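Please look through the structure below and follow the report alongside it.

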Amino acid sequence: MTTAATQETERVARSYFEAWTSRDRETTASLLDPGFRFTAGETLIEGRDAFLQAAAFPEDATTTMLDEAYEGEIGFQLYESRRGDRAVLIAERLRVRDGRIADAVSVTDMASFAAFLGPTGGDG
């Protein structure tokens, strides 16, 4: 049986995924705790506003959820983002408290992520 906490985590985490990957800044901000903490490798961003200023998916990226799991206040999401012929696989662990995401840990191959973020188009 699914607990209320798990249902809330799933609702918030899925809403965040949709808002974040569609670049809906207002909805994304509403789903992040003001003290939100983001970690990816050696990168640490503290605070919702700092995260929103530092991070954004490229406008031309398409992102597909591949797998997800939720238990209590923890959500795991595995997704693939593509830009042209470049793709990156990202796994995230989200912690939801009081209806907002308190922290996120993102795991990806940083070389693939850097290539994904690089410029697109042109003939080389």
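The sections below cover the pocket, the core, one helix and a few single residues.

## The model and its largest pocket

This is a predicted model. Its largest pocket holds about 330 Å³ of space. The lining counts 21 residues. Nearest the pocket centre lie F38, A40, A55, S106 and F113.

Several elements give two or more residues each to this lining. The helices are α1 (4-21), α3 (48-54) and α4 (110-117). The strands are β1 (32-40), β2 (43-46), β5 (86-97) and β6 (100-108). Helix α4 gives the largest share, four residues. By type, the lining divides into 17 nonpolar residues, three polar and one charged.

## The nonpolar core

The largest nonpolar core has 26 residues. Y16, L32, F36, F38, F51, F57 and I101 touch the most other members. Elements giving two or more residues to this core are α1, α2 (25-31), β1, α3, β5 and β6. Helix α1 supplies the largest share, five residues.

F38 appears in both settings: it is among the core residues that touch the most other members, and it is one of the residues nearest the centre of the largest pocket. What does Y16 touch beyond four places in sequence? Its partners are T28, L31, L32, F51, E92, L94 and I101. Of these, L32, F51 and I101 are also on the list of core residues with the most member contacts.

## Helix α1 and the turn after it

Helix α1 has 18 residues. From first C-alpha to last, α1 reaches 26 Å, close to the 26 Å expected at 1.5 Å a residue. Its buried residues are T6, T9, V12, A13, Y16, F17, A19, W20 and T21. Helix α1 also contributes two or more residues to the lining of the largest pocket.

Just after α1 comes R23, with a positive phi of about 60°. R23 is not a glycine. This residue sits in the loop between α1 and α2. R23 counts as partly exposed because its relative accessibility is 27%.

## A second positive phi

D98 is another residue other than glycine with a positive phi, near 55°. D98 lies in the loop between β5 and β6. Is D98 buried or exposed? D98 is exposed, because its relative accessible area is 82%.

## P58 and its contacts

P58 is in the loop between α3 and β3. Its relative accessibility is 12%, so P58 counts as buried. Not counting residues up to four places away in sequence, P58 touches R23, R83, F116 and L117. R23 is the residue with the positive phi of about 60°. F116 and L117 fall within α4 (110-117).

P58 and P119 are 61 residues apart in sequence. In space, their C-alpha atoms are 9.8 Å apart.

## L66 on strand β3

L66 belongs to strand β3 (residues 62-71). It counts as partly exposed because its relative accessibility is 41%. Which residues does L66 contact, leaving aside neighbours within four places in sequence? They are L78, Y79, E80 and L89.

For L66 and E80, the separation is 14 residues in sequence. Their C-alpha atoms are 7.0 Å apart in space.

How values were computed
Residues are numbered from 1 along each chain as its sequence is written. This is a predicted model: local features need pLDDT of at least 70, side-chain atom pairs count only at pLDDT 80 or more; totals for chains, interfaces and linings use all residues. Side-chain values use heavy atoms; hydrogens and water are left out. On a 1 Å grid over the protein atoms alone, a cavity is a set of points where a 1.4 Å probe fits but cannot get out, and a pocket is an open set with protein on both sides within 12 Å along at least five of seven lines; lining residues have an atom within 4 Å of a point. Grid points are joined across faces, edges and corners, and a volume is the space filled by probe spheres set on the points. Ala, Val, Leu, Ile, Met, Phe, Trp, Tyr, Cys and Pro count as nonpolar, Asp, Glu, Lys and Arg as charged, and the others, Gly among them, as polar. Buried means under 20% relative accessible area, exposed over 50%, partly exposed in between (1.4 Å probe, protein chains only). Contact means heavy atoms within 4.5 Å. A nonpolar core is a set of buried Ala, Val, Leu, Ile, Met, Phe, Trp, Tyr and Cys residues joined through side-chain atoms within 4.5 Å. The expected span of a helix is 1.5 Å times one less than its number of residues.
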